Each structure stands twice: as C-alpha cells, then as structure tokens.
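Reader: Hey, I've got a structure to look at and no clue how to read it. Can you walk me through it?

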Amino acid sequence: MDIRLRGHHLLCLLGFRGMGYSAAYAANMTNVYNRLRDEPGTLVTIIAGPDDLCACFPEGEEAHCENDSVAGLDARALKQLQLQAGLTLPWTAVIERVRKHVMPEDINDLCITCQWRSYGVCEAGVRTIKRGEWLPPLPQAEAL
Ligand code: SF4
C-alpha cells in the first residue's frame, strides 16, 4: 500500500529524529520513516491537505493541519521539488528530487513558519541526502 504524504512532509521525514507532537504521532512517523528507509521503492502518493502523518496529530490540541500556513509549507516544498499533489512515485524518486533541487539552507526559506526549523535537524537531513547517503537509523534513545 502506498503512503499518502503532503508536500512538506516529504522534507520533514528527512530530518525526523524521533520527535513529534505526541508519543503516538512520533510512533506513527517512526513507522513511516522506517518503512521508507528499509523499503526505498515504497510508493508515495502526494496529496493536498492532511495525510498519513497528520492522521496521528493529537486530539485536543489546536489542529493546524488545514491551516493556510501549513498549506504554504506544502506549496513551497512541492515547487522546490518540482512535484505536485496527485502524483504517485517511489520514495527513491523523491530522494532524487531532493538531491537535484534542494540545498540544506533552503529549509530556512521553505519552512519559515515551522516551529521545528530551529532544531536544525531538517537542514542536516537534506545535507545527508545531498552527500549521497541514505536515511540514517533513528537514534535509539529518541525512537518511540
Ligand atoms: S522545518 Fe518543519 S516543515 Fe520544514 S522540513 Fe523541518 S519539520 Fe518539516
């Protein structure tokens, strides 16, 4: 089964180090991350709006998944990657787009509204991919 991802989550996954909005959110993202890491040919369908990661956003917290600012993150990420909602492609093809079209410092502009940007993990994740490396294993202490 393919994984449904919105535009900016294609980049978020590169910087994922086990953190998230809740334990359940992080656990679900860990599952998605590890599947993409272990099965690079996994098909990803790009969708507009809430996706398979948003599905575990904690109930009771102010949901932002349908906010314009988050849609803006999607639009900027997809434009940079030269992709669009509705496409289905293997994860390896997403990685090739990152290698070709994204620089680590682009995260600062693409993700200007994101609360996670200051951690630097997403920029580091792009840098890893640009070096020709693959998704690294998650840190044991942080993986949920
Ligand atoms: S800075 Fe935020 S939106 Fe950008 S890739 Fe990282 S987590 Fe995703």
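Author: Sure. Keep in mind that this is a predicted model. Let's begin with contacts: of those between residues at least 6 apart in sequence, 73% join residues at least 24 apart.

Reader: Okay, and how many helices and strands are there in the protein?

Author: The protein has 6 helices and 3 strands. Going along the sequence, the pattern is β-α-α-β-α-β-α-α-α.

Reader: How does its radius of gyration sit against the globule rule?

Author: The radius of gyration is 14 Å, and the globule rule gives 15 Å for 144 residues, so the protein is as compact as a globular protein of that length. Along the principal axes, its C-alpha atoms fill a box of roughly 40 × 35 × 35 Å.

Reader: And what share of the residues is buried?

Author: That's 28% of the 144 residues.

Reader: Switching topic: in what order do the strands sit in the sheet?

Author: The order is β1-β2-β3, in an open sheet with mixed pairing. β1 (3-6) and β3 (88-90) are at the edges with a single partner strand each, so one side of each has no neighbour in the sheet. Neighbouring strands are turned by 35° against each other on average, ignoring direction.

Reader: Do β1 and β2 run parallel or antiparallel?

Author: Parallel, with 4 bridges joining β1 to β2 (residues 43-47).

Reader: Which residue in β2 does L5 stand opposite?

Author: L5 stands opposite I46.

Reader: And what do strands pair through, in general?

Author: Strands of a sheet pair through backbone hydrogen bonds.

Methods: Residues numbered from 1 in each chain as written. Predicted model: local features only at pLDDT ≥ 70, side-chain atom pairs only at ≥ 80, totals over all residues. Pairing = 2+ DSSP bridges. Helix = DSSP H or I, 4+ residues; strand = E, 2+ residues; numbered from the N terminus. Axes fitted to C-alpha atoms, helices over the stretch in contact; angles between N-to-C directions. Rg over C-alpha atoms; globule rule 2.2 N^0.38 Å. Buried ≥ 20, exposed ≤ 12 C-beta atoms within 10 Å, placed from the backbone. Contact = placed C-beta atoms within 7 Å.
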